[in-house]
Structure formats: structure tokens, C-alpha cells
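Biologist: I'd like to learn how to read a protein model. Could you walk me through one?

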Amino acid sequence: GAVGSPFNAKAFLGTAITAGTAVFDITGGGSAVNAAKLKKLYFKFFPGFAYEFLPSDILTANTDEKYLLIVNPRGGPGGDGKIGMYAFTTHNGNKITITKRLGAAAAGDRVTTLGSVTWDSGVWAGKHTDAHPIGSTIIYCNAKGTPIGDTIIMGAGAALRGYGKYRNRRTSESKNGDFVHYRYITSVFGQALRKDVQQRIPGYIRLRHAIRYPGLGIPETV
């Protein structure tokens, strides 16, 4: 299934990608067997998916241009550690249809500049590729090729906790003719985000920021 989280979109390539100029689909799962499973939502945490929180609460995905990086493994077949950059808009969670691909020469849907990244230039010199083996790492990025994710920051009173009948109640239990004694501290409670009278949730922000992935060798772009 999916790896990462809604704050840290990540997947592993299920079908090898060869260099070319046409659009194509990226599959997940990290193997050819998993890539063939059409009900697995390997990319459900990537923006552009109509994520279902509840049957009555389904995200409406926007169609803005979005970007991702595919990072080849180091060592093994195709393991050169090089990186490809691709653009997409929406997807079905199981696979992502690529709308643009960064390459050495412009042709078809291949471009030499994607977002603000130019092929094999600047900090990307010697690091770009548009061919990837199965198992390569897929991560979400911005137009600069910087991996990005989110962190929730909660202020005072952003969440509330309510206690039930027991709060730090001490109880005990004896067994085996009172030779064995168990002692417990029991609390019953629940917690939730605070809502105001208009059903808004004040007191927190979702901060989007750059993420470092140790071991992937992605250049510092900011």
C-alpha cells in the first residue's frame, strides 16, 4: 500500500521508465507484481487525488501543475543515484499520468526547463536522468525541485480533552489466593480539535516546507 503520509508523500516505482518524449503513467508498489494491482492506492497522499476522509467528505482535487522527483537507487541495475523531474495535475491514487518530463532536448511532452529547473544545470549538473529502474523513490516537490511536505503547528487551545467517569482512578486485583496482586491506574478521556460556533477550527496552521531525505542525494535548491 501507500508509504509516507499526507504530510510526506512518497512511493516506490513499480514499472521501469525509459527515456522518451511522450506522456506515460507512473505506477507504484516497488515491483512489477505490485504495479499490476489496480486497487492499491500507492499515490493517495500525493496532491491531485480526490482523497476520501469520510464517505461524505471527499477532497476536491485542484488541477494546478504539480511536480515530483524520481530518484534512482545507488548500486545494482540502473543504480546510478540520478534524479528525474516530472509534472502532473490530477491522478486516481493508483497511478499518476505524467504531463511533462524534463529532458536533454525539447520534443513532444519532453521539455528542457520544467518549473524553474533546467536540465543538468546549476546544482543539478550531472544529476539528471529520464530513465529509472523499478524500486526508484518517488517524492513530491515544488517547481524548484525541492522536496516539500507539511507540519501541523498547534497553538494554545487548538485541541480539547474531555474526561469521563474515571480520571487517574487507582484499582487493584488479587489472584492465586492473594499471592499475586495487580494494580491499575485508569483514565477515560477523549480529545478533538476545538471548533468555534461557525464550525471553524482555529488555533493551528499547516506549514508547508522543504524536507531533507537522508541518503537520496538530492541537491540543496533553497
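**Reading the features**

Modeller: Sure. Let's begin with charges: the side chains of Glu65 and Lys100 form a salt bridge, 3.3 Å from N to O. Keep in mind that this model is predicted.

Biologist: Where in the chain do Glu65 and Lys100 lie?

Modeller: In distant parts of it: Glu65 is in the loop between strand S5 (57–58) and S6, while Lys100 is in strand S9, 35 residues apart. Glu65 is partly exposed, with a relative accessible area of 33%. Lys100 is partly exposed too, at 33%.

Biologist: How many salt bridges does a search of the whole structure find?

Modeller: Six. Another one is between the side chains of Lys95 and Asp25, at 3.4 Å from N to O. Lys95 belongs to strand S8 and Asp25 to strand S3, so this pair ties together parts that are 70 residues apart in sequence. Lys95 has a relative accessible area of 32%, so we call Lys95 partly exposed. Asp25 is partly exposed as well, at 34%.

Biologist: And what about Arg212: buried or exposed?

Modeller: Exposed, because its relative accessibility is 68% and the cut-off for that word is over 50%. Arg212 meets Glu220 in a salt bridge of 2.9 Å, N to O. Glu220, at 48%, counts as partly exposed. There's also a network: salt bridges that share partners join Asp150, Arg206 and Arg208.

Biologist: Now the rings. How do I describe a pair of them?

Modeller: You give the distance of the centres and the angle of the planes. Here the count comes to six aromatic pairs. For Phe24 and Tyr86 the ring centres are 5.8 Å apart and the planes are at 90°, so that pair is edge-to-face.

Biologist: Which parts of the chain does the pair of Phe24 and Tyr86 tie together?

Modeller: Phe24 is in the loop between S2 and strand S3 (25–27), and Tyr86 is in strand S7, so the pair ties together parts that are 62 residues apart in sequence. Both Phe24 and Tyr86 are buried.

Biologist: What kind of aromatic pair do Phe49 and Tyr51 form?

Modeller: That pair is edge-to-face, with 6.4 Å from centre to centre and 90° between the planes. Phe49 is buried, at 12% relative accessibility. Tyr51 has 21%, so Tyr51 counts as partly exposed, since buried needs under 20%. Ring pairs also link Phe45, Phe49, Tyr51 and Phe53 into a cluster.

Biologist: Okay, let's go inside. How many residues does the largest nonpolar core have?

Modeller: It has 19 residues. Those with the most contacts inside this core are Ile26, Phe43, Phe46, Leu68, Ile96, Ile98 and Ile138. The elements that give two or more residues to the core are strands S2 (8–12), S6 (66–71), S7 (83–88) and S13 (137–141). Apart from this core lies another one, of 17 residues, including Ile83, Met85, Val117 and Leu216.

Biologist: Let me pick Ile96. Which residues is Ile96 in contact with, leaving aside neighbours within four places in sequence?

Modeller: Phe24, Asp25, Ile26, Phe43, Phe46, Leu68, Phe88 and His91. You've met Phe24 in an aromatic pair and Asp25 in a salt bridge.

Biologist: What about nonpolar side chains on the surface?

Modeller: Look at Phe7, Ile152, Met154, Leu193, Ile201 and Tyr204: they make a nonpolar surface patch of about 470 Å². Take Ile201, which is in the loop between strand S18 (189–193) and strand S19 (204–210). Ile201 counts as partly exposed, with 31% relative accessibility.

Biologist: Last one: backbone angles. What should I look for?

Modeller: Most residues other than glycine have a negative phi. In this model, Asp120 has a positive phi of about 55° although it is not a glycine. Asp120 sits in the loop between strand S12 (117–118) and S13. At 31% relative accessibility, Asp120 is partly exposed.

Biologist: Where is Asp178 found?

Modeller: In the loop between strand S16 (169–175) and strand S17 (180–186). Its phi is near 65°, again a positive value in a residue other than glycine. Asp178 is exposed, with a relative accessible area of 52%.

Definitions and conventions. Residues numbered from 1 in each chain as written. Predicted model: local features only at pLDDT ≥ 70, side-chain atom pairs only at ≥ 80, totals over all residues. Heavy atoms only, no water. Core = buried A, V, L, I, M, F, W, Y, C linked by side-chain atoms within 4.5 Å. Buried < 20%, exposed > 50% of the residue type's maximum accessible area, 1.4 Å probe, protein only. Helix = DSSP H or I, 4+ residues; strand = E, 2+ residues; numbered from the N terminus. Contact = heavy atoms within 4.5 Å. Patch = residues over 30% accessible without salt bridge, like charges linked within 9 Å, V, L, I, M, F, W, Y side chains within 5 Å. Areas by Shrake-Rupley, 256 points an atom, 1.4 Å probe, with all protein chains shown as cover. Salt bridge = Lys/Arg side-chain N within 4 Å of Asp/Glu carboxyl O. Phe/Tyr/Trp six-rings, centres within 6.5 Å; stacked < 30°, edge-to-face > 60°.
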